[in-house]
Amino acid sequence: MTTSVFLTREIPDEGIKMLKRAGLKVEIYEGDKLIPRRELLRRVKGKDIILSMLTEKIDKQVMNAAGPSLKMIANYAVGFDNIDLKEAAKRNLVVTNAAHPNVSETVAEHAIALIFALAHRIVEADHYTRNGKYKGWEPQLLLGTDIVGKTLGLIGAGRIGGLVAQRLSEGFGVKIIYTDVKRNTAFEKTHRATFKTQTQLLREADFVSLHVPLLPSTHHLINDRAFSLMKQTAFLLNTSRGPVVDSAALVRALKKGKIAGAGIDVFEGEPQFARRKTDADYLQHAWNVILTPHTASATVETRQAMGRTAAENILAFVRGKKPPNQIISKPLSGT
Ligand code: GLV
């Protein structure tokens, strides 16, 4: 029987073409918008494979709705906190992510872009200029801060963190400090990075950049205590997952001037900017904050690569091979 794949949303075309060329029956939720939950539950019924976005919670209810035909969930994202892995494992489902190396490169570029935009007050300056406020050169107009020679504190020394470290240390002489669940001597050697406890790192870094997955242990990792340790001149960058930062604590820190600003691509309560409406309103109007709508991996090249990766995982599984980006594994005997 032909293997059926349900895509919860339209993605760039290359991955879809690969699936179709291989003869799979591909059904896509039409309209290029977020699939309503009820529609998701209806459409997954009887499918062999779900190709999901990070915006859908793939939990017991969805797996039940799909029924016994479901064998695989291929996530169109590197993070997979939207999938109930325990429930998937109970059902022997194969789960994969879209961890193409391009994604790390692109997210690292975005984190760096936020660092530069914050340090040089680019968004604020653009707004100032285009709104007719520029009346002539001034010695103290929109003073920012240099990046050269500063200290970058990486929380999470994985691939993305490593790329941010490499670009900023080699290009701008930035000193790299990092913290992680354990020391990584290869990372230290490659990036001339120094391991610190989280407390030390928060005290010393001029830019604190988060590169950890969302886990119970990283939920609200950056909270009131963390902000109280940071320098008043320091910036926070979050391109990981929203709930890694306590959004109420972030707003308290910004209001009290405990940090200089923040670059935020992911939000607690996404697509809202914060858990509480009043905090979201504050962030929306704060000039020392740059907000991007979870677009850190949003380049043409990377989003195509993610689609191809999802398709490669699916095709490997269908052909009885181990998908290259398998997260949990108890493959069944083919489809
Ligand atoms: C994006 O956030 C991803 O996990 O790919």
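## From a strand pair to the cores and spaces

In S4, the residue that forms the bridge partner of Leu-51 is Ala-74. This pairing is a convenient place to enter the structure, which is a predicted model. Strand S3, residues 49-52, is joined to strand S4, residues 72-75, by 4 bridges, and the two strands run parallel. S3 also pairs with strand S1, residues 4-7, through 3 bridges, again in parallel, and here Leu-7 is the residue that stands opposite Leu-51. Strands of a sheet pair through backbone hydrogen bonds, either parallel or antiparallel. Are the two faces of S3 covered or left open? Both are covered, since Ile-49 and Leu-51 on one side, and Ile-50 and Ser-52 on the other, are all buried.

Elsewhere in the chain, 7 strands form an open sheet with parallel pairing, and their order is S8-S7-S6-S9-S10-S11-S12. Strand S8 (194-195) and strand S12 (289-291) stand at the edges with a single partner strand each, and so one side of each has no neighbour in the sheet. Within this order, strand S6, residues 151-155, is joined to S9 by 4 bridges, and these two strands run parallel. Leu-152 stands opposite Phe-207 in S9.

From the strands we can turn to the nonpolar cores. In soluble globular proteins, nonpolar side chains tend to be buried together. The largest nonpolar core in this model has 32 residues, and those that touch the most other members are Ile-155, Leu-202, Val-208, Ile-222, Phe-227, Leu-236 and Leu-250. At least two residues of this core come from each of several elements, namely helix H9 (198-204), strand S9 (207-210), helix H10 (224-229), helix H11 (247-255), strand S11 (261-264) and helix H12 (277-285). H11 gives the most, with 5 residues. Leu-236 shows how such a residue is surrounded: when residues up to four places away in sequence are not counted, its contacts include Val-208, Ile-222, Phe-227, Leu-250 and Ala-262. There is also a second, separate core of 26 residues, and Leu-19, Ile-49, Tyr-76 and Ala-98 are among its members. Ile-49 has already appeared above as one of the buried residues of S3.

Leu-236 leads on to an enclosed space. A search of the whole structure finds 1 cavity of 30 Å³ or more, and the volume of the largest cavity is about 80 Å³. Its lining includes Leu-236, Asn-238, Ser-247, Leu-250 and Glu-268, while strand S10 (235-238) and H11 are the elements that give two or more residues to this lining. Sorted by class, the lining residues are 8 nonpolar, 3 polar and 1 charged.

The second largest pocket holds about 270 Å³ of space. Of the 20 residues that line this pocket, Leu-118, Ala-119, Thr-145, Phe-235 and Ala-260 lie nearest its centre. Helix H5 (101-119) and helix H6 (122-130) are the elements that give two or more residues to the lining, which is made up of 11 nonpolar, 4 polar and 5 charged residues.

A last stop is Phe-172, which is found in helix H7, residues 159-172. How exposed is Phe-172? With a relative accessible area of 35%, Phe-172 is partly exposed, because that value lies between the 20% below which a residue is called buried and the 50% above which it is called exposed. Leaving aside neighbours within four places in sequence, Phe-172 is in contact with Phe-116, Ile-147, Val-148, Gly-149 and Arg-167. Phe-172 and Lys-150, which are 22 residues apart in sequence, have C-alpha atoms 8.6 Å apart in space.

Conventions
Residues numbered from 1 in each chain as written. Predicted model: local features only at pLDDT ≥ 70, side-chain atom pairs only at ≥ 80, totals over all residues. Heavy atoms only, no water. Core = buried A, V, L, I, M, F, W, Y, C linked by side-chain atoms within 4.5 Å. Buried < 20%, exposed > 50% of the residue type's maximum accessible area, 1.4 Å probe, protein only. Contact = heavy atoms within 4.5 Å. 1 Å grid on protein atoms, 1.4 Å probe; cavity = no way out; pocket = protein on both sides within 12 Å on 5 of 7 lines; lining within 4 Å. Points joined across faces, edges and corners; volume = space filled by probe spheres on them. Nonpolar A, V, L, I, M, F, W, Y, C, P; charged D, E, K, R; others polar. Pairing = 2+ DSSP bridges.
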